[in-house]
Amino acid sequence: MMKRSKISVIGAGNVGATCAHWAAVHELGDVVLIDIVEGMPQGKALDLAESAPVEGFDGLYVGSQDYKETANSDVIVITSGMARKPGMTREDLLEANKNIITQVVTNCVEHSPDAIIVTVTNPLDTMTYLAKKISGFPKNRVVGQAGILDAARFRTFIAMEIGVSVEDIQALVLGGHGDTMVPVPRYCTVSGIPISEFIPKARLDEIIARTRDGGAEIVKLLKTGSAYYAPAASTIQMVEAIVKDKKRILPCSAYLEGEYGLNDMYFGVPVKLGGNGVEQVIELDLNDDEMDLVKTSAAAVKGSIEAMNL
Ligand code: APR
């Protein structure tokens with residue numbers, strides 16, 4: 001019998017619930033929402049199910065506190081944990097989220113030993129490293145969401161600037177998902193035309209700065225939490241690439257073993273994402289300036305990983 005994919009989303013807050021929504025609307029599979037708050041994931045799953053007749057999609061949507069419901073998931077999306085408040089960096093979340101991720105991953109792995117884990121909780125690269133360590137999964141089956149979101153922000157601001165469709169903007173952001181992220185204008189095009197044909201360097205530098213602060217800009221506006229539409233959409237693009245074995249080339253936080261001169265850490269790089277998770281890390285020939293920025297970003301991520309004292 002043909003079966004739908006099973007996607008479990010841990011943490012049914014803003015990002016988790018929005019992930020469930022995009023996954024359902026795109027008919028990527030059945031969705032299980034897990035949260036520690038009694039009744040909340042149940043309520044959101046039922047509400048989502050009741051939107052299906054109107055929107056026209058099929059699937060099973062379950063909310064629970066019990067990890068048994070997640071058994072044999074194909075993909076597990078981890079969004080549980082604290083979100084930023086104004087003035088906080090993603091690193092400020094480390095202590096609180098370290099304990100949550102440790103507990104959540106242990107529970108997930110017990111019930112779905114063959115799943116692919118996609119992490120979203122911040123600080124992203126560090127929490128993804130932790131998820132790999134706790135799960136004991138091979139590196140291809142633990143991947144973090146960051147680069148698609150950062151590139152989406154870059155693409156949005158470029159499209160706004162030149163007044164063209166967001167669909168025609170391709171952009172690449174490398175590095176850690178934090179203040180040191182590395183937008184790479186050399187790999188940024190408008191339908192294949194270099195971005196330098198449209199935007200002078202000084203203005204592009206301002207757009208890059210806004211991209212780096214893109215998450216904080218939303219936190220400042222929301223005051224009570226952080227972004228979720230774009231983070232969730234980016235996460236579900238990764239889930240789609242996996243459950244449909246699309247073999248997309250997407251910037252993700254991947255485990256590096258020598259690529260870009262970096263070792264034993266998660267870091268934002270272009271990968272081939274398909275049914276086996278991270279099937280390949282794409283190594284780019286970066287120039288000296290780009291490599292300097294990568295090194296600075298890598299040092300920040302390394303420091304964060306070391307701060308966990310694993
Ligand atoms: N197990 C399951 N769920 C948990 C646990 C746990 N141990 N601890 C917390 N949660 C749940 C909370 O109950 C809450 O519903 O995680 C959810 C987080 O939701 P929000 O507070 O709305 O935060 P959100 O905006 O979704 O961000 C979640 O993703 O983008 C990152 O920086 C962001 O780290 C943050 C995470």
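Helices are DSSP runs of H or I with at least four residues, strands are runs of E with at least two, and both are numbered from the N terminus. All views show a predicted model.

**Figure 1. The ligand and its nearest residues.** The ligand is surrounded by 21 residues. Asn14, Val15, Asp35, Met82 and Asn122 come nearest. The ligand takes up the space of the largest pocket. By class, the shell holds 10 nonpolar, 10 polar and 1 charged residue.

**Figure 2. Polar contacts to oxygen atoms of the ligand.** Two of the views here centre on backbone atoms, at Asn14 and at Val15. A polar backbone atom of Asn14 sits 2.8 Å from a ligand oxygen. For Val15, a backbone N or O atom is 2.8 Å from an oxygen atom of the ligand. Asn122 uses its side chain instead: an N or O atom there is 2.9 Å from a ligand oxygen. Taken alone, the ligand exposes 730 Å², and the protein buries 85% of that area.

**Figure 3. Helices that build the shell.** Which helices each supply at least two residues of the shell around the ligand? They are H1, spanning 14–25, and H3, spanning 94–111. H3 gives the most to this shell, with 4 residues.

**Figure 4. The cis peptide bond at Asn122–Pro123.** The bond from Asn122 to Pro123 is cis. Its omega is near -5°. Pro123 lies in the loop that runs from strand S5 (116–119) to helix H4 (124–135). Asn122 is also among the residues that come nearest to the ligand.

**Figure 5. Thr79 and Gly11.** Thr79 belongs to the loop between strand S4 (75–78) and H3. Is Thr79 buried or exposed? Thr79 is buried, because its relative accessible area of 13% falls under the 20% cut-off. The Thr79 side chain reaches the backbone oxygen of Gly11 at 2.9 Å.

**Figure 6. Arg84 and Lys223, far apart in sequence.** Arg84 lies in the loop between S4 and H3. Its relative accessibility is 8%, so Arg84 counts as buried. Lys223 lies in the loop between H7 and H8. At 57% relative accessibility, Lys223 counts as exposed. Along the chain, 139 residues separate Arg84 from Lys223. How many Å separate their C-alpha atoms? The separation is 9.2 Å. The backbone of Lys223 also deserves a look: phi is near 70°, a positive value in a residue other than glycine.

**Figure 7. Thr224 and Pro86.** Thr224 is in the loop between helix H7 (214–222) and helix H8 (229–243). Thr224 is exposed, because its relative accessible area of 69% is over the 50% cut-off. Pro86 is 138 residues away along the chain. The C-alpha atoms of Thr224 and Pro86 are 7.7 Å apart.

**Figure 8. The loop between S3 and S4.** Two residues of this loop are shown, Tyr67 and Asn72. Strand S3 covers 61–64. Tyr67 has a relative accessibility of 11%, so Tyr67 counts as buried. Ile10 is 57 residues from Tyr67 along the chain, with 9.4 Å between their C-alpha atoms. Asn72 is exposed, at a relative accessible area of 59%. Phi of Asn72 is near 60°, a positive value in a residue other than glycine.

**Figure 9. Ser196 and Gly176.** Where is Ser196 found? Ser196 is in the loop between strand S11 (193–194) and helix H6 (201–212). Ser196 is exposed, because its relative accessible area of 56% is over the 50% cut-off. Ser196 and Gly176 are 20 residues apart in sequence. In space, their C-alpha atoms are 25 Å apart.

Notes. Residues are numbered from 1 along each chain as its sequence is written. This is a predicted model: local features need pLDDT of at least 70, side-chain atom pairs count only at pLDDT 80 or more; totals for chains, interfaces and linings use all residues. Side-chain values use heavy atoms; hydrogens and water are left out. A residue is near a molecule or strand if one of its heavy atoms lies within 4 Å of it. A polar contact is a pair of N or O atoms within 3.5 Å; within protein, one must be able to donate a hydrogen and the other to accept it, and residues adjacent in sequence count only if both atoms are side-chain atoms. Accessible areas come from the Shrake-Rupley method with a 1.4 Å probe; for residues, only the protein chains shown count as cover. On a 1 Å grid over the protein atoms alone, a cavity is a set of points where a 1.4 Å probe fits but cannot get out, and a pocket is an open set with protein on both sides within 12 Å along at least five of seven lines; lining residues have an atom within 4 Å of a point. A molecule sits in a cavity or pocket if more than half of its atoms lie within 2 Å of its grid points. Ala, Val, Leu, Ile, Met, Phe, Trp, Tyr, Cys and Pro count as nonpolar, Asp, Glu, Lys and Arg as charged, and the others, Gly among them, as polar. Buried means under 20% relative accessible area, exposed over 50%, partly exposed in between (1.4 Å probe, protein chains only).
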